[in-house]
Amino acid sequence: VTALLAVMMRRRGYRVGVLDADVTGPTIPRVFGADECKLQTSEAGMVPVRTHSDIRLMSIGFLLDRPDTPVIWRGPLLANAVKQFHTEVEWGDLDLLLLDMPPGTGDVPLTVFQSIRLDGILVVTSPQELVSQIVRKAFHMAEAMGIPVLGLVENMSHVLCPDCGRRIDLFGESRTEAVARELGIPLLDSMPL
């Protein structure tokens with residue numbers, strides 16, 4: 001969802017950066033086809049990898065020997081990496097810096113909420129029943145920390161049959177719209193698988 005949003009905003013003419021704050025599960029390099037890129041540095045700090053459409057990327061994935069190398073770090077190291085990717089990177093002039101965060105309410109979201117000035121967050125969910133509880137936790141964490149929740153995006157919502165176009169709800173009936181209404185935030189999109 002972060003990558004799709006970055007591409008859409010870049011196509012609209014905005015200067016966009018993506019900070020992959022999912023340190024233990026960095027997928028941003030792969031999603032952008034940049035998983036073979038290595039991080040460059042300058043005297044001023046780390047230089048983000050630039051995609052062919054000039055989206056600037058920063059991820060721990062650019063520091064790993066192989067994409068399947070695990071990052072086995074505890075909370076303080078994860079938090080420090082995210083802070084460094086925000087403050088020690090030559091982002092240049094950006095209109096938008098999007099942070100791709102891991103799911104849940106652990107160390108990384110807490111660090112981001114406490115140390116980076118955010119204009120707001122999008123909560124990304126999927127249609128499974130259990131996920132609605134996680135959405136509520138993320139919403140209440142943001143609310144408690146004074147971070148505006150801009151809306152909810154349901155990912156992997158459904159599949160469209162390639163033959164007849166019929167919508168197939170693979171994970172059963174979604175409750176995402178009801179959860180969004182209950183929390184008083186807009187459901188911005190239900191994206192197909």
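Me: Which residue in strand 5 stands opposite Arg50?
Reply: Arg56 does. This is a predicted model: local features need pLDDT of at least 70, side-chain atom pairs count only at pLDDT 80 or more, and totals for chains, interfaces and linings use all residues. Residues are numbered from 1 along each chain as its sequence is written, and side-chain values use heavy atoms, with hydrogens and water left out.

Me: What makes strand 4 and strand 5 a pair?
Reply: Two strands pair if DSSP finds at least two bridges between them. Strand 4 and strand 5 (residues 56–58) have 2 bridges, in the antiparallel sense. So they count as paired. Strands are DSSP runs of E, at least two residues long, and helices are runs of H or I, at least four, both numbered from the N terminus.

Me: Why is one side of strand 4 (49–50) left without a neighbour in the sheet?
Reply: The open sheet has 4 strands in the order 4-5-1-6, with mixed pairing. Strand 4 stands at an edge and has a single partner strand, so one side stays free of a neighbour. Strand 6 (96–100) is also at an edge.

Me: How do you know that Cys161 and Cys164 form no disulfide?
Reply: A disulfide is a pair of cysteine sulfur atoms within 2.5 Å. The sulfur of Cys164 is 3.6 Å from that of Cys161, so the two are too far apart for a bond. The structure holds 0 disulfides.

Me: Why is Cys161 called buried?
Reply: Buried means under 20% relative accessible area, exposed over 50%, partly exposed in between (1.4 Å probe, protein chains only). Cys161 has 17%, so it is buried.

Me: What makes Cys164 exposed?
Reply: Its relative accessible area is 55%, so Cys164 counts as exposed.
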